[in-house]
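Trainee: Could you walk me through this model, one element at a time?
Mentor: Gladly, let's look at it together.

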Amino acid sequence: MSKTITVKKGLSLKLKGEAEKAFVQLEKKSDLFAIVPEDFTGVTPRLSVKVGDSVQAGDPLFYHKKFPEVRFVSPVSGEVTAIERGAKRKILSIQVRPTQDATSPTAKKFAPLDVDSASSQAIKEYILTSGLWGFIRQRPYDIIAEPNALPRDIFVTAYFTAPLAPDFSFILEQGNNLQYLKTALKALRKLTAGKLYLSVKEPLNTMIEGVEECIAKGPHPAGTVGFLINATKPINKGDIVWTLKATDLLVMGKLMETGIADYSRTVALTGSEATQRGYTTIVPGCLLQEEIATTIPASPKRHLRLINGDVYTGKKIDEQRPFASWDIDQTTLIPEGDETNEFLGWIAPRLNQFSISKTYFSWLFPKKRYSLDARLKGGERHMIMSGEFEKVFPLNIMPEALLKATIAFNVDKMEALGIYEVAPEDFALCEFVDSSKQPLQQIIRQGLDMLYKEMN
């Protein structure tokens, strides 16, 4: 029987540009793919290839220095054309150009996995070998999971509540996705001695032993895995849990069922400035702007920002970071706003601007959708103890106190205030409403990284 968990504090930001429930055919395809090690938090990369090597989709490009069995693979078949490095020879990306001729290497084939009879060790080795381990994150620290750890529980979210987020129920209706989801759930269930908690909008009735469905209700962050953990079985010091998105499970289940190294994903094309909005299939690592070029205005009237993800936690696509992430589920196209000059600035009364503090009259229209740009609308200053965060932060944690302890790197206070339970995305709403314009997600990320080094 499903359990209902309800968010009483939160915020649903209604933006224009929701994806239509239909598939969009993209005309132009990326001619270059890359894996970016920085996308895999906590991983120190060591190369498995060199420039000029031919690879198949599914062949390892690099591995985790601390855990060499954790491999990160090429999403396409082709030739390694570049290994981009930054300061201190840090690996920024491993680039692969797919070959188009008839002699090009095909995708690597793995043996299909019978999850009903497979042991937990066999399942773990399969996930590691096929390059799927990068989907599994671990709390505390919100890093790529350590393969030698036994998680207390596993948490999967199949309900996305961020602005313009994809509708997972629509994705699940396509092809054999429901079967792929069930296959992956059965496999992951064997990797924990505890339960697998699945956050859903409506019951899926998977009827898998050890899988507990939790119906999430309320505004964002009802669909985040952080809220799922806090509302069901919070993390205590010494606990280890694993987290995933249900969209990751579709890729995992498909590979287990077919044995074909196909890492393509269904992605929602969203944003007020997108000329086409809907769903499409994208191979991770592509040059995202080229891949979805037909959805971007050819002659935009204003400067645009393309985001890999949602407006809260997504990453800006630019020359320094042009590639789609490994776990991409959504693209968002919004105005940059840097060329906008408003008479009287924020002080002018208006109806087309959103404000949580009722600065504008738009609060009188709760169902209104907005076309917001990327401007910060204010300067960064010292944190004000205003109680803003508590209005949108549903976790049983004091966010302001935890953030201050993290800035000061007071380990004892950080532990007492719940640092082991959180991830940067849990503070995305706080960052959005923060009148002090502090980079709260970055503060938590840096705090978790420093704490991990301190404890390990």
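**Cysteines, sheets and helices**

Mentor: Cysteine 214 counts as buried because its relative accessibility is 0%, where buried means under 20% relative accessible area, exposed over 50% and partly exposed in between (1.4 Å probe, protein chains only). Before you ask more, note that this is a predicted model, in which local features need pLDDT of at least 70, side-chain atom pairs count only at pLDDT 80 or more, and totals for chains, interfaces and linings use all residues. Residues are numbered from 1 along each chain as its sequence is written, and side-chain values use heavy atoms, with hydrogens and water left out.

Trainee: Is cysteine 430 buried or exposed?
Mentor: The relative accessibility of cysteine 430 is 1%. That value is why cysteine 430 counts as buried.

Trainee: How many disulfides does the structure hold?
Mentor: A disulfide here is a pair of cysteine sulfur atoms within 2.5 Å. By that criterion, the number of disulfides in the structure is zero.

Trainee: Why is helix H4 largely enclosed by the rest of the structure?
Mentor: Helices (H or I, at least four residues) and strands (E, at least two) are DSSP runs, numbered from the N terminus. The buried residues of H4 include Val225, Phe227, Leu228 and Ile229. H4 spans residues 225-232 and is largely enclosed because the buried ones among its eight residues number seven.

Trainee: Which strands do the buried residues of H4 pack against?
Mentor: Contact means heavy atoms within 4.5 Å. The buried residues of H4 pack against strands S1 (3-6), S9 (137-139), S11 (153-157), S12 (196-200), S13 (211-217) and S14 (241-245).

Trainee: Which are the edge strands of the open sheet with the order S3-S5-S6?
Mentor: Two strands pair if DSSP finds at least two bridges between them. This sheet has three strands with antiparallel pairing. Pairing on one side only marks the edge strands, S3 (45-47) and S6 (71-73).

Trainee: Which residue in S6 stands opposite proline 60?
Mentor: Strand S5 (residues 60-64) runs antiparallel to S6, and three bridges join them. Opposite proline 60 in S6 stands valine 73.

Trainee: What is the order of the open sheet of five strands?
Mentor: Its pairing is mixed. Strand S15 (residues 265-270) runs parallel to S19, joined by three bridges, whereas S17 runs antiparallel to S19 (residues 330-335), joined by five bridges. The edge strands are S16 (278-282) and S18. The order is S16-S15-S19-S17-S18.

Trainee: In S19, which residue is the bridge partner of isoleucine 307?
Mentor: Isoleucine 307 falls within strand S17 (residues 304-308), which is largely enclosed because four of its five residues are buried. In S19, the bridge partner of isoleucine 307 is threonine 332.

Trainee: Which residue in the turn of the S17 and S18 hairpin has a positive phi?
Mentor: Two bridges join S17 to S18 (residues 315-316), and the strands run antiparallel. Six residues lie between S17 and S18 in the hairpin. The turn residue with a positive phi, about 120°, is glycine 309.

Trainee: At what angle do the axes of helices H8 and H11 cross?
Mentor: Axes are lines fitted to C-alpha atoms, for helices over the stretch in contact, and angles run from 0 to 180 degrees between N-to-C directions. The axes of H8 (residues 399-408) and H11 (residues 440-455) come within 9 Å and cross at roughly 55°.

Trainee: Which residues of H8 and H11 make the contact?
Mentor: H8 contributes Leu403, Thr406 and Ile407 to this contact. From H11 come Leu440, Ile443, Ile444 and Gly447.
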